[in-house]
Amino acid sequence: MKAVLIFAIALLSQVNFCYSQWVQTDGPFGKTKIMAIVNSDSLLLTSTSCGYFSKQQLTDSWTLNATSNFSCYTKKGDSLFIGGMNGGIQLIDLNYPGDPVVDVYPMPVKTLANSDSCLYAGAEMQGFLKSDNNGNTWNAFNSGLPTDTLWNPWVGTYYQTNVTDIEVTSNYIYCGTNKGVYRNSTNLNNWISINSGLPLSLVTVIQDVNDTLYTAISNNLYRSSDFGNSWVLVFTAPSNVSTLLAHSSGIYIGTLGDGVYLSTDNCQNWASLNTGLIDLGINTLSIYDTKVLCGTSESGIFYLQNGQWYQNVAGMICSSIRSMAVTNNHVIANDEDKVYKLNFSGNWVDVSPAVTYEMFSSLASKNDTVFLSVEYDTPTWPYDNPFIVYSTDNGNSWNSLISPVPFTRDDPYRIFFEDGRLYAYEDEKMYYTDNLGLSWNDISLSAQFCNGIYGFIVNNSIPFAAACGNGQLVKLDASQNWVLSNNGLPSNKEPLAFASCDSALFSFINFHGMYVSFDNGNQWSYANNGLVTSYSISDFTSSGSNLFVTSDYGVFVTSDFGQNWVAINDGLKNINTSSI
């Protein structure tokens with residue numbers, strides 16, 4: 001399973017656990033999708049794939065306010081109503097953007113708008129909705145809108161009215177649908193089709209600019225000067241139009257694959273405006289402090305100055321860190337797309353290997369040697385091509401193992417390095433090499449055990465594996481056979497993960513929690529007091545008898561071998577932690 005483990009990498013600033021605080025490092029900067037940009041007087045706020053950030057001056061660094069995100073919004077005074085397809089409607093107080101968001105209504109929406117007294121929402125299924133009480137209750141007004149009758153074997157017949165965008169003017173309300181543009185008077189009695197000159201297709205933008213309407217359908221931009229009664233095509237972009245911004249300097253549009261275009265002569269001519277723009281996937285355009293801003297699909301926010309775009313992402317860290325490793329002098333980390341090294345100046349630098357890959361999976365290290373598990377999906381059978389590369393100089397150069405691991409599964413290898421051995425495993429298969437791949441030794445699970453390995457560790461030179469069957473915690477004996485090592489463990493649930501510190505070996509058992517052994521797994525006892533997780537621990541590290549583990553409830557430490565665990569989350573904006 002290609003799980004994405006999300007954790008803003010941080011460093012513990014003191015040794016005293018009672019008073020220590022996490023401080024975010026300056027990077028690494030991974031892919032950052034901008035979903036919305038909000039200009040509110042002296043506050044600039046943006047929603048990204050990892051949460052929403054704000055700042056006051058364009059030259060300031062971004063501050064992460066919360067891990068919530070949104071793709072649509074509407075402002076009413078100092079209240080920012082936000083929504084999206086992955087959650088309900090919520091409220092942000094623009095005077096206090098760092099305060100927790102307020103849940104308003106549990107409904108996924110594609111667009112939000114407002115008038116003096118009402119909120120409006122467009123939904124993929126329920127169509128056009130109106131609220132007279134700040135979102136506490138909603139009523140649908142879909143008479144005249146296109147509604148599809150659909151069916152599937154699980155729910156039978158159901159109906160879909162898809163409203164994609166809403167624009168409110170003094171005389172009318174307009175909405176975009178999957179079959180063109182519709183107009184209504186403010187009483188919402190009946191929607192009428194206003195599609196003369198338009199294809200009856202999915203609308204992505206409907207916007208009023210000084211009593212002139214613009215709408216985008218696919219890669220075409222249309223204009224109407226008579227309240228939508230007739231439309232004319234004014235531009236065909238190379239890719240789909242995603243957003244439009246009217247500014248004193250002209251009309252800007254963003255496209256999903258070809259950047260920004262600008263017309264300064266009332267849409268007669270259009271020019272590409274991409275100098276300095278390293279990401280041509282544009283999701284949104286806005287204005288702040290007289291400067292035009294664009295939000296991209298992977299590279300954050302840019303601002304326009306003297307015809308050139310400049311990236312504006314300081315503090316906007318959205319890396320999805322899958323794993324970390326340490327060498328003698330460096331911290332190495334990876335997400336799915338890149339490998340990063342923390343250098344002596346405190347900066348993260350890209351040290352990714354130059355290989356063909358689908359994703360970088362995980363790291364393992366010993367002294368100055370770093371191993372990286374990689375997956376490449378091939379177009380022909382067996383499709384999945386997992387392999388391992390290694391570096392002996394902190395990621396400055398990479399080499400492939402002399403011989404590939406002699407098995408293939410549908411996921412990248414999970415790897416572990418200890419006592420001169422590199423272990424690679426997936427499903428029930430496990431091999432190790434002690435000579436950089438010149439030869440591999442098969443220590444796969446035998447048929448008597450479940451056909452999957454959830455976790456693996458080497459403790460006091462003894463390999464332990466958590467097989468996927470109930471009670472199947474096993475260790476490798478001197479004859480290289482797996483034997484049960486579960487005395488004292490619950491027999492009705494699966495072992496999921498391991499940790500170790502000092503003289504103790506720990507195992508997390510599904511639904512039961514953490515157990516500890518002081519005799520290489522011969523006897524186990526309960527050791528979960530104070531540890532909280534929805535499923536299992538994600539990772540661990542240790543310093544003497546201090547064991548640190550991560551979970552979706554943050555970071556926990558024990559100094560007495562699991563008799564007591566203490567949460568140490570002060571300073572963490574996102575407590576869904578993974579690598580440590």
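Modeller: A strand here is a DSSP run of E, at least two residues long, and strands are numbered from the N terminus. Please keep in mind that this is a predicted model.

Colleague: Thanks! With that in hand, where is the place of Asp289?

Modeller: Asp289 is worth a look, since its phi is positive, about 55°, although it is not a glycine. Its relative accessible area is 48%, so Asp289 is partly exposed. As for its place, Asp289 sits in the loop between strand S29 (282–288) and strand S30 (291–296).

Colleague: Is Asn394 buried or exposed?

Modeller: Asn394 also has a positive phi, about 60°, without being a glycine. You will find Asn394 in the loop between strand S39 (384–391) and strand S40 (399–400). Buried means under 20% relative accessible area. Asn394 has 12% relative accessibility, so Asn394 counts as buried.

Colleague: Stepping back, how many strands are there in the protein?

Modeller: The C-alpha trace spans about 85 × 55 × 45 Å along its principal axes. Of the 580 residues, 52% are buried. The protein has 0 helices, and its strands number 56.

Colleague: Which residue is joined to Gly27 by a cis peptide bond?

Modeller: Look in the loop between strand S2 (22–24) and S3, where this partner lies. The bond has an omega of about 0°, and the residue it joins to Gly27 is Pro28.

Colleague: Now some charges. Why does the salt bridge between Arg409 and Asp427 tie together parts that are apart in sequence?

Modeller: The side chains of Arg409 and Asp427 meet at 3.2 Å, N to O. Arg409 lies in the loop between S40 and strand S41 (414–418), while Asp427 lies in the loop between strand S42 (421–426) and S43, so the parts tied together are apart in sequence by 18 residues.

Colleague: What is the N to O distance in the salt bridge of Arg409 and Glu428?

Modeller: Arg409 counts as partly exposed because its relative accessibility is 24%. This pair links distant parts of the chain, 19 residues apart, with Glu428 in the loop between S42 and S43. The N to O distance for Arg409 and Glu428 is 2.9 Å.

Colleague: And which residue meets Arg414 in a salt bridge?

Modeller: The pair spans 12 residues in sequence, from strand S41 to strand S42. Arg414 is partly exposed at 26% relative accessible area, whereas its partner is buried at 7%. The N to O distance is 3.4 Å, and the partner of Arg414 is Glu426.

Colleague: Which backbone oxygen lies 2.5 Å from a polar atom of the Ser242 side chain?

Modeller: Ser242 is in strand S25 (residues 241–247). At 17% relative accessibility it falls under the 20% cut-off, so Ser242 counts as buried. The oxygen 2.5 Å from its side-chain polar atom is the backbone oxygen of Ile282.

Colleague: On the surface, what is the area of the nonpolar patch made by Ile402, Leu436 and Leu438?

Modeller: Leu438 lies in the loop between strand S43 (429–433) and strand S44 (441–442). Leu438 has 60% relative accessibility, so it counts as exposed. Together with Ile402 and Leu436, Leu438 makes a nonpolar patch of about 290 Å².

Colleague: Last one: which residues gather with Asp41 in a patch of negative charge?

Modeller: Asp41 sits in the loop between strand S3 (34–40) and strand S4 (43–48). Its relative accessible area of 71% is over the 50% cut-off, so Asp41 is exposed. The residues gathered with Asp41 in this surface patch are Asp78, Asp93 and Asp99.

How values were computed:
Residues numbered from 1 in each chain as written. Predicted model: local features only at pLDDT ≥ 70, side-chain atom pairs only at ≥ 80, totals over all residues. Heavy atoms only, no water. Patch = residues over 30% accessible without salt bridge, like charges linked within 9 Å, V, L, I, M, F, W, Y side chains within 5 Å. Areas by Shrake-Rupley, 256 points an atom, 1.4 Å probe, with all protein chains shown as cover. Salt bridge = Lys/Arg side-chain N within 4 Å of Asp/Glu carboxyl O. Helix = DSSP H or I, 4+ residues; strand = E, 2+ residues; numbered from the N terminus. Buried < 20%, exposed > 50% of the residue type's maximum accessible area, 1.4 Å probe, protein only. Lys, Arg positive; Asp, Glu negative; His and termini not counted. Charge placed at Lys NZ, Arg CZ, Asp CG, Glu CD. Polar contact = N/O pair within 3.5 Å; in protein donor to acceptor, adjacent residues only side chain to side chain.
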